[in-house]
Amino acid sequence: MVLKAKGLRGLLLAWNLFVGQAKLWDKIETESAPPGRFLHSMVLHARRIWIFGGAAGSGKGPNDGPFNDLQCFDMASEKWIQVAAEQTPAERAGHVAIVDGFGRMWIHGGTHSKNVPPADQLDFIELDAIDLSAKTGRSWTPVQPAGTPPAARTMHSAVTDGFGGMWIFGGLRVGPSTSPSEAIFNDVQYFDFEGKNWTQIECAGDLPTKRFGHSAVLTSLKHMWIFGGQGEPDNFEALAYLNLVTQSWFRVTSKGTAPPSLLAHASVLDARGRMWVLGGQASPDQANGKVYYLDTSLMQNTEWKMLEEFGSAPLPRIGGRAVIETSGKLWGFGGTLGPPRDGTFPKDLYWLDTTGPAPTTATSTTTRHPKDPNPNSGGSTILVIVLLLVAAALIGGGVFFFRRRRDMRLMQDIGEPRQVELGEARA
Ligand SMILES: *[C@@H]1O[C@H](CO)[C@@H](O)[C@H](O)[C@H]1NC(C)=O
């Protein structure tokens with residue numbers, strides 16, 4: 001349902017608040033918006049949204065990226081500003097970013113289409129020190145960490161407790177791997193902000209299988225919840241959490257109206273402990289257009305719910321990112337529209353109000369686009385695009401432990417760098 005008139009929208013919002021259905025999407029489209037992209041990073045700090053890097057298109061065009069621009073959306077002025085800084089980290093996509101309790105945005109890992117992997121590079125920039133009206137005087141700080149750095153990777157996940165450090169989990173290796181089991185990770189690594197050192201965490205419990213393109217959030221109980229991704233055969237619809245204090249993993253059986261297994265989706269945790277999941281690739285020809293959530297405080301007893309969308313919901317997209325304000329306003333940016341419109345990278349900034357009673361529906365479905373005459377779509381799937389960046393950087397034999405058909409296909413993509421020629425396949 002698309003609402004055009006402001007007055008009408010206000011009226012409907014009031015009505016839906018009244019009947020307990022206030023769930024409005026909206027979007028902000030401005031001239032100043034940065035180019036559309038996916039597999040970028042996105043963080044929220046002091047009412048500003050910051051994005052870094054990402055990629056668009058087939059990776060062959062002059063404007064396809066990967067990018068290394070730092071962009072800021074200021075909520076007060078509703079404007080995007082590109083922020084120039086010295087010592088800018090290399091272009092990348094599939095990297096992770098967090099903001100620590102000192103207002104520093106850290107980025108780690110990711111990959112580069114031109115076979116120059118950022119490897120285990122770690123950089124930060126002090127967001128509070130950035131004067132948006134000034135043109136100069138800003139700089140990233142590359143960090144030379146102590147300890148053994150984690151293997152170079154992309155499409156992993158990262159969470160922070162603010163002042164202590166950052167935990168990363170899983171991901172796909174960047175660079176040569178000698179065996180299939182080396183290509184994907186399920187390790188947990190901790191970076192200490194004070195000592196600037198890495199420690200591999202030896203976890204107990206029910207370890208999740210190796211995966212990438214999953215998502216992670218950290219709860220107030222110091223549980224790191226992960227969902228989805230792809231990798232070693234597993235039930236990727238299942239959830240798991242790591243108790244960071246005891247360093248023990250627990251699996252959570254998926255109950256309720258659960259999302260399908262999703263690759264390259266976005267997850268955020270709201271102030272009430274609810275984990276929200278949106279976007280992502282559900283299967284080679286399906287993008288997820290629904291929004292799901294669950295209450296992490298219920299731990300093993302938690303149940304998925306699906307949001308009844310209302311308003312101008314964004315189209316299903318893959319590789320988009322999201323952040324959430326403590327008020328419950330969720331913001332999303334980027335991603336590529338799912339099949340058959342993959343290859344389209346919208347640059348709107350959209351939001352969803354997650355507060356209020358949450359209506360659910362009885363069945364879980366994944367949105368499939370109607371046939372679209374877009375000539376750019378070709379026969380290629382978005383999966384191939386997602387892996388394009390990875391393919392260039394990954395050397396190694398086939399990976400044989402994938403059983404499901406789509407996993408087979410995925411691994412063929414990884415094993416064959418010629419997928420970089422995708423531009424031709426798509427033409
Ligand atoms: C990392 O630094 C912290 C703080 O200085 C220190 O307590 C810890 O022992 C260090 N860990 C490693 C593995 O060096």
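This passage describes the fold, sheets, cores, backbone exceptions and ligand shell of a predicted model.

The protein contains five helices and 34 strands. Of its 427 residues, 46% are buried. Contacts between residues at least 6 apart in sequence were also examined; 60% of them join residues at least 24 apart.

One open sheet has four strands, in the order 2-3-4-5, with antiparallel pairing. Strand 2 (41-45) and strand 5 (79-83) stand at its edges. Each has a single partner strand, so one side of each is left without a neighbour in the sheet. From one strand to the next, the twist averages 25°. Strand 2 and strand 3 (residues 48-54) run antiparallel and are joined by five bridges. Across this pair, Met42 stands opposite Ile51 of strand 3. Strands of a sheet pair through backbone hydrogen bonds, in either the parallel or the antiparallel sense.

A second antiparallel pair is formed by strand 18 and strand 19 (residues 223-227), with four bridges between them. Leu218 faces Met224 of strand 19 across the pair. The two strands form a hairpin with four residues between them. In this hairpin, Lys222 takes a positive phi near 65°. In a regular strand, side chains alternate between the two faces of the sheet. Strand 18 (residues 215-218) has Ser215 and Val217 pointing one way, and Ala216 and Leu218 pointing the other way. All four of these residues are buried.

The largest nonpolar core has 78 residues. Trp167, Met224, Trp225, Trp276 and Ala322 touch the most other members. Met224, the residue opposite Leu218, is thus named both in the hairpin pairing and in this core. Trp225 has contacts with Ala216, Val217, Thr219, Leu239, Tyr241, Met275 and Thr296, leaving aside residues up to four places away in sequence. Ala216 and Val217 point in opposite ways from strand 18, and Trp225 touches both. Apart from the largest core lies another, of six residues. Its members include Met155, Leu172, Ile184 and Phe185.

Several backbone exceptions occur in loops. Most residues other than glycine have a negative phi, and most peptide bonds are trans. Gly65 and Pro66 are joined by a cis peptide bond, with omega about 5°. Pro66 sits in the loop between strand 3 and strand 4 (67-74). Ala46 has a positive phi, near 50°. Ala46 belongs to the loop between strand 2 and strand 3. With 10 other C-beta atoms within 10 Å, Ala46 is exposed, because the exposed class covers residues with 12 or fewer such neighbours. Met299 also has a positive phi, near 45°. The loop between strand 27 (291-295) and strand 28 (305-306) holds Met299. Met299 has 15 C-beta neighbours inside 10 Å and therefore counts as partly exposed.

The ligand is surrounded by Ala146, Gly147, Asp192, Glu194, Gly195, Asn197 and Thr199. By class, this shell divides into one nonpolar, four polar and two charged residues. The nonpolar member is Ala146, and the charged members are Asp192 and Glu194. Gly147, Gly195, Asn197 and Thr199 are the polar members.

Note on methods: Residues are numbered from 1 along each chain as its sequence is written. This is a predicted model: local features need pLDDT of at least 70, side-chain atom pairs count only at pLDDT 80 or more; totals for chains, interfaces and linings use all residues. A residue is near a molecule or strand if its C-beta atom, placed from the backbone, lies within 6 Å of it. A residue is buried if 20 or more other C-beta atoms lie within 10 Å of its own, exposed if 12 or fewer, and partly exposed in between; C-beta atoms are placed from the backbone. Two strands pair if DSSP finds at least two bridges between them. Axes are lines fitted to C-alpha atoms, for helices over the stretch in contact, and angles run from 0 to 180 degrees between N-to-C directions. Two residues are in contact if their C-beta atoms, placed from the backbone, lie within 7 Å. A nonpolar core is a set of buried Ala, Val, Leu, Ile, Met, Phe, Trp, Tyr and Cys residues joined through C-beta atoms within 7 Å.
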